[in-house]
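Here is a set of short questions and answers for someone meeting this structure for the first time. Look at the sequence and the structure, then read on.

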Amino acid sequence: MHVTMIGTGYVGLVSGACFSEFGHEVICVDKDASKIERLLKGEIPIYEPGLEDLVARNVEAGRLSFTLDLAEGMKNADAVFIGVGTPSRRGDGHADLSYVYAAAKEIAENMNGYTVVVDKSTVPVGTGDEVERIIRETRPDADFDVLSNPEFLREGSAIEDFMRPDRVVIGAESERSKDVMRELYRPLYLRETPIVFTTRRTSELIKYAANTFLAAKITFINEIADLCEKVGADVQAVAKGIGLDGRIGGKFLHAGPGYGGSCFPKDTRALVHTAQDYDSPLTIIETVVKVNDDRKRKMADKIIAAAGGSIEGKTIGILGLAFKPNTDDMREAPALDIVPALLEAGAKVKVYDPESMGEARELMTQDGIEWCDDTYDVIEGAHVLSFLTEWNQFRALDFDKVKKMMAEPVIVDLRNIYTLVDLSELGFDYHCIGQASRLRK
Ligand code: UDX
């Protein structure tokens with residue numbers, strides 16, 4: 001099959017490369033000349049484990065190519081995917097659909113023969129109808145179907161998520177278009193992946209319902225963690241104890257500093273707005289959004305409390321800045337709230353992240369941040385050391401060395417990568433999420 005992928009951001013590039021790995025001929029199109037130039041040289045604009053090799057292998061095999069020219073990209077297209085960004089619109093939190101609609105118009109102008117237009121970007125319910133309307137208006141003679149096929153890719157494991165998904169959701173209303181999708185996803189059929197065919201509007205909503213549910217699940221365990229700290233319980237044991245109930249499930253019950261990233265914050269806000277527009281408010285998700293926003297700011301207070309109530313003139317070491325490990329993505333990362341709050345409280349802040357230092361420097365422009373070269377550089381002279389992202393390389397530190405290097409042995413572990421028992425025994429004043437900070441005698 002011939003596939004055109006519009007947008008070489010996270011979703012477009014990963015999906016395009018994976019479809020080419022399935023054996024289809026894929027052309028990725030983007031308007032950003034510097035991005036296409038880099039891709040043509042074999043450079044990958046984002047950090048995603050395995051993506052560079054996957055792209056190189058399929059380019060070499062002649063199944064994957066990149067172009068700025070949509071007309072060329074759509075010459076033989078059986079299916080055109082829209083994988084452009086849908087950022088939160090400034091001011092009102094609605095998803096900004098201008099890139100999606102612009103893509104629809106251009107697709108219409110370049111269509112030849114029956115074409116399946118598939119929306120992979122996360123879009124509010126009804127966007128497919130509008131895409132269809134735009135195409136019909138631009139090219140009344142066109143033979144096409146508009147489908148919804150949301151992505152459920154996690155950054156850091158996006159390729160695995162594409163190749164071995166829990167399910168594929170397809171919103172399609174004609175048999176002809178369903179056949180094209182069956183052919184595209186044939187390797188997954190052979191692996192018996194559940195493929196959910198439904199209506200376009202239902203498919204659009206499934207994506208938001210999935211992400212907002214997961215955001216609510218995380219927020220639930222985060223609030224339980226706060227309660228655990230007060231009553232002397234252990235949130236990790238609570239998560240295990242409830243997660244073993246098959247109705248609840250153990251995933252996404254890891255308490256932390258609040259969810260971030262390119263999807264959960266944006267999608268929760270967008271669904272809240274959609275629900276309000278239809279006069280069917282999602283009060284539970286409205287609360288999730290508020291609790292999560294407040295939580296990130298409260299994490300700075302936790303660090304200040306661990307330092308004895310004031311960090312004026314003290315040095316705080318921060319390990320990890322990205323919103324989660326295995327990505328360089330800083331979008332809505334808790335660090336963006338925590339670090340400025342620490343600076344405002346009068347501290348000097350030393351930071352290090354294995355992948356996101358470049359992006360972080362652009363977003364955190366305040367005075368008083370020391371950008372360190374490695375983990376131990378951060379630790380040197382710190383009065384408090386705090387883990388904000390659970391990178392593997394932070395999981396096995398030499399704590400004898402850490403203790404000697406720190407000004408005071410205080411650790412605030414916002415990702416629970418160590419344990420109270422172990423670090424207390426090593427002589428640290430250890431604070432984590434969802435556990436009292438003193439061992440009970
Ligand atoms: C998410 C969805 O998982 C994916 O299906 C969707 O298509 C895009 O959004 P992603 O944002 O890449 O993927 O990361 P994810 O692993 O879901 O984590 C999101 C945030 O939740 C991170 O900040 C992470 O630290 C936090 N999280 C996740 C927790 O705090 N606890 C958990 O148990 C899981």
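## Ligand, helices and rings

Q: In this predicted model, which residue has a side-chain N or O atom 3.0 Å from an oxygen atom of the ligand?
A: The partner on the ligand is an oxygen atom. The atom facing it is an N or O in a side chain, at 3.0 Å. That side chain belongs to R415.

Q: Which residue places a polar backbone atom 2.8 Å from a nitrogen atom of the ligand?
A: Backbone atoms take part here too. L253 has a backbone N or O atom 3.4 Å from an oxygen atom of the ligand. The contact to the ligand nitrogen, at 2.8 Å, is made by a backbone atom of H254.

Q: How many residues surround the ligand?
A: The closest ones are E155, H254, G260, C263 and K324. Counting the whole surround gives 18 residues.

Q: Which residues of helix α11 are buried?
A: Helix α11 covers residues 235-243. Its face turned away from the buried side carries exposed K240 and G241. The buried residues are V235, A239 and G243.

Q: Why can the buried residues of α11 be said to line one face of the helix?
A: Take the view down the axis of α11. The buried residues fall within a narrow range of directions there, so they line one face. That arc is 65 degrees.

Q: Against which helix do the buried residues of α11 pack?
A: The buried residues in question are V235, A239 and G243. Their packing partner spans residues 200-231. That partner is α10.

Q: Which residue's side-chain oxygen reaches the backbone nitrogen of Q236?
A: This contact lies at the start of α11. The oxygen comes to within 2.9 Å of the nitrogen. It belongs to D234.

Q: What arc do the buried residues of helix α8 cover around the axis?
A: Helix α8 runs over residues 175-184, and S177, K178, V180, M181 and L184 are buried in it. Their arc puts them on the same side of α8. The arc is only 155 degrees.

Q: How many aromatic pairs does a search of the whole structure find?
A: Take F19 and F22 as one case: their ring centres are 6.1 Å apart and their planes stand at 80 degrees, so the pair is edge-to-face. Over the whole structure, the search finds 13 aromatic pairs.

Q: Is F22 buried or exposed?
A: The cut-off for buried is under 20% relative accessible area. F22 has 14%. So F22 is buried.

Q: How far apart in sequence are the parts tied together by the pair of F22 and F162?
A: The two rings form a tilted pair, 5.7 Å centre to centre with 45 degrees between the planes. F22 lies in the loop between α1 and β2, while F162 lies in helix α7. The parts they tie together are 140 residues apart.

Q: Which residues form one aromatic cluster?
A: The cluster is built from Phe and Tyr residues. Its members are Y352, F387, F394, F399, Y418 and F428.

Q: Over which residue's ring does the charged end of R167 sit?
A: Charges over rings occur at more than one site. The charged end of K401 sits over the ring of Y376, 3.9 Å from its centre. For R167 the distance to the ring centre is 3.6 Å, and the ring is that of F152.

Q: Which backbone oxygen does the side chain of S20 reach?
A: S20 is in helix α1. S20 is buried, with a relative accessible area of 0%. Beyond four places in sequence, S20 touches V26, N58, R63 and L64. At 2.7 Å, its side chain reaches the backbone oxygen of A17.

Q: Which residues does D161 contact, leaving aside neighbours within four places in sequence?
A: D161 is found in helix α7. At 12% relative accessibility, D161 counts as buried. Its contacts are F152, L153 and R154.

Q: What is the relative accessible area of P281?
A: P281 sits in the loop between α12 and α13. Leaving aside neighbours within four places, P281 is in contact with A275 and E286. P281 is partly exposed, and its value is 48%.

Methods: Residues are numbered from 1 along each chain as its sequence is written. This is a predicted model: local features need pLDDT of at least 70, side-chain atom pairs count only at pLDDT 80 or more; totals for chains, interfaces and linings use all residues. Side-chain values use heavy atoms; hydrogens and water are left out. Buried means under 20% relative accessible area, exposed over 50%, partly exposed in between (1.4 Å probe, protein chains only). Helices (H or I, at least four residues) and strands (E, at least two) are DSSP runs, numbered from the N terminus. The arc is that of the directions from the helix axis to the C-beta atoms. Contact means heavy atoms within 4.5 Å. A polar contact is a pair of N or O atoms within 3.5 Å; within protein, one must be able to donate a hydrogen and the other to accept it, and residues adjacent in sequence count only if both atoms are side-chain atoms. Rings of Phe, Tyr and Trp (its six-membered ring) pair if their centres lie within 6.5 Å; planes under 30 degrees apart count as stacked, over 60 as edge-to-face and the rest as tilted. A charge sits over a ring if NZ of Lys or CZ of Arg is within 6 Å of the ring centre and within 35 degrees of the ring normal. A residue is near a molecule or strand if one of its heavy atoms lies within 4 Å of it.
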